[in-house]
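Here is a structure to walk through together. Have the viewer open and follow along.

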Amino acid sequence: MTTLITNIAQLVNTRKETNLLRGTALAELPVIEDAFLLIEDGIIAAYGYMYELELKVPQLPKHIIDAHEQFILPAWCDSHTHLVFAKTREEEFIDKIKGMSYADIAAKGGGILNSAGKLNEATEDELFSSAWKRLEEAAKLGTGAIEIKSGYGLTAAGELKMLRVIKKLKEKSNLSIKSTFLGAHTYPIAYKENHQGYIDSIINEMLPVIAAEKLADYIDVFCETGFFSSAEMETICKAGMSYGLKPKLHVNQLNSIGGIESAVKLNALSVDHLETMTDVDITTLASSNTIGTLLPTAAFFLRMQYQPARTLIDNNCAIALASDYNPGSSPSGNMNFVVALSCIQMKMLPEEAINAATINGAYAMELQNEFGSITIGKKANLIFTKPIPSLAYLPYAFGNNLIDKVMIGGIFI
Ligand code: NIG
Ligand code: FE
């Protein structure tokens, strides 16, 4: 099917070719005002100014949509989520309101261990159907490509169950999904005093099955005081890499314990969180190919300091924005709010935030050839806004639903 969209107020993030954006390039967001967009079989086939329409599309298709006053953006690329989980955790939310910290809750068996207990009791079907609803909700909010992690199993059976659920989501969803194995999310109670025993289980029990069944694209480790050290992270990543899984890592959320340096040495695709960054961490990241993925809604929800986005950008780091959708630290997959928060609290410019949540997010999932910009040959995963006065209005008018429609693969959802 061929669809022509005409009279687009602004067509946002139009690029002939793309690069991972860093430093000042992040603020350059190409737009075309009064634009058209042609979609053939779900793929972007042509675009340009309305005055070029006759030249670029000599024969108009039957199916034409008038997008008068609407802005069209590439759908969000959410490169870090944990959206497969068994139960929400509002009771911990209340504990936090009453004064407990995230670390206090984890120490008394809450947090990730709480989710792991529930996940191991849930069936694959139950997990699939709740995750499917969350995925559909995220799509309605404009997300067109997404990464999903395991990490609430912490047993071979539980981790494999989660990864099989993600595989089924990949098969059934129109969204593009990448899968990450996060067996090293925390030490399960049974291995509290026997870290090597759990690392052995990850390496010898879980990874061979994951590789044989092609259950994951990436490997992740939560590198943090009280969780996995940077040396443990290196051991686990090297085992994953021997099966072709690139590292995509949780580092520097609560402490700086050498995670960035190790991740860069491992040539990690991304280092995610980054609330706590030293000067050395920043210069190490800046001089690498690793993407720094900022998760501002986790900092917001946990009432922590935000990621130093301005310093990272000014030091030439490549950064992406993601939702961290999970029941403990970010129970929302709303990328519109992620973009708004990054402008409001981290002083990112709207252009920087939109680039970080689209094209750089696509790079952080190695999906840059298909998603993240309006480029001929890429998939037509698009956000159609309601009439808005400017692009900056999107993060400015935070919390309002400014999305009119979302298109995935050329079809409105
Ligand atoms: O990315 N920090 C580690 N993992 C998740 C939170 C997991 C949880 O609390 O359930 C995160 O924030
Ligand atoms: Fe996370």
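## Two helices side by side

Let's start with a helix pair: the axes of helix H7 (residues 195-212) and H8 come within 10 Å and cross at roughly 10 degrees. Angles under 35 degrees count as roughly parallel, so H7 is roughly parallel to H8. One thing to keep in mind as you look around is that this is a predicted model.

Which residues make the contact between these two? On the H7 side you'll find His195, Ile199, Ile202, Ile203 and Leu207, and they meet Glu232, Thr235, Ile236, Ala239 and Gly240 in H8. Sorted by character, the residues of the contact of H7 with H8 come out as six nonpolar, three polar and one charged.

While you're at H8, have a look at Glu234. Helix H8 spans residues 230-241, and Glu234 sits in it. Is Glu234 buried or exposed? With a relative accessible area of 16%, Glu234 falls under the 20% cut-off and is therefore buried. Leaving aside residues up to four places away in sequence, Glu234 touches Ser262, Lys265 and Leu266.

Now for a helix pair with another geometry. Helix H4 (residues 112-121) packs against helix H6 (residues 156-172) at an angle of about 75 degrees, and their axes are 10 Å apart. An angle of 65 to 115 degrees counts as roughly perpendicular, so that is the label for H4 and H6. In this contact, Leu119, Asn120 and Glu121 in H4 meet Gly158, Lys161 and Met162 in H6. The residues of the contact of H4 with H6 divide into two nonpolar, two polar and two charged.

H4 has more to show than its contact with H6. Its buried residues are Ile112, Asn114, Ser115, Ala116 and Leu119. What covers them? The cover of the buried residues of H4 includes H2, helix H5 (124-140), H6 and strand E9 (218-223).

Next, go to the metal. Which protein atoms hold the iron ion (ligand 2)? The protein donors are His80 (NE2), His82 (NE2), His250 (NE2) and Asp324 (OD), lying 2.1 to 2.2 Å from the iron ion. Along the chain, these donors follow the spacing H-x1-H-x167-H-x73-D. Take His82 and Asp324 from that set: the pair links distant parts of the chain, 242 residues apart. His82 is in the loop between strand E6 (76-78) and helix H2 (90-97), while Asp324 is in the loop between strand E13 (319-321) and helix H13 (335-344).

Both ends of that pair are tucked away by the accessibility criterion. His82 is buried, with a relative accessible area of 2%, and Asp324 counts as buried at 1% relative accessibility. If you like checking backbone torsions, Asp324 has one more point for you: its phi is near 60 degrees, a positive value in a residue other than glycine.

Following the chain on from the loop of Asp324 takes you to H13. Seven of the ten residues of H13 are buried, so this helix is largely enclosed by the rest of the structure. The buried ones are Met335, Val338, Val339, Ala340, Leu341, Ser342 and Cys343. Among the elements covering them are E6, strand E7 (143-149), helix H11 (296-301), E13, helix H14 (350-357) and helix H16 (393-396).

Then comes Lys347, found in the loop between H13 and H14. Lys347 also has a positive phi, of about 60 degrees, although it is not a glycine. Its surroundings are another matter: at 62% relative accessibility, Lys347 counts as exposed, whereas Asp324 is buried.

A stop further on is Ala397, in the loop between H16 and strand E15 (403-408). Ala397 is buried, with a relative accessible area of 8%. Ala397 and Ser173 are 224 residues apart in sequence, and their C-alpha atoms are 30 Å apart in space.

Finally, zoom out to the whole chain. The domain assignment gives domain 1 (2-75 + 373-412) and domain 2 (77-363). Taken over C-alpha atoms, the centres of domain 1 and domain 2 are separated by 30 Å. How many residues make up the contact between the domains? On one side, 28 residues of domain 1 are in contact with 36 residues of domain 2 on the other.

Notes
Residues numbered from 1 in each chain as written. Chains lettered and ligands numbered in written order. Predicted model: local features only at pLDDT ≥ 70, side-chain atom pairs only at ≥ 80, totals over all residues. Heavy atoms only, no water. Helix = DSSP H or I, 4+ residues; strand = E, 2+ residues; numbered from the N terminus. Buried < 20%, exposed > 50% of the residue type's maximum accessible area, 1.4 Å probe, protein only. Contact = heavy atoms within 4.5 Å. Donors = N, O, S within 2.8 Å, 3.2 Å for Na, K, Ca; no water. Axes fitted to C-alpha atoms, helices over the stretch in contact; angles between N-to-C directions. Parallel < 35°, antiparallel > 145°, perpendicular 65-115°, else oblique. Nonpolar A, V, L, I, M, F, W, Y, C, P; charged D, E, K, R; others polar. Domains from an automatic or database assignment.
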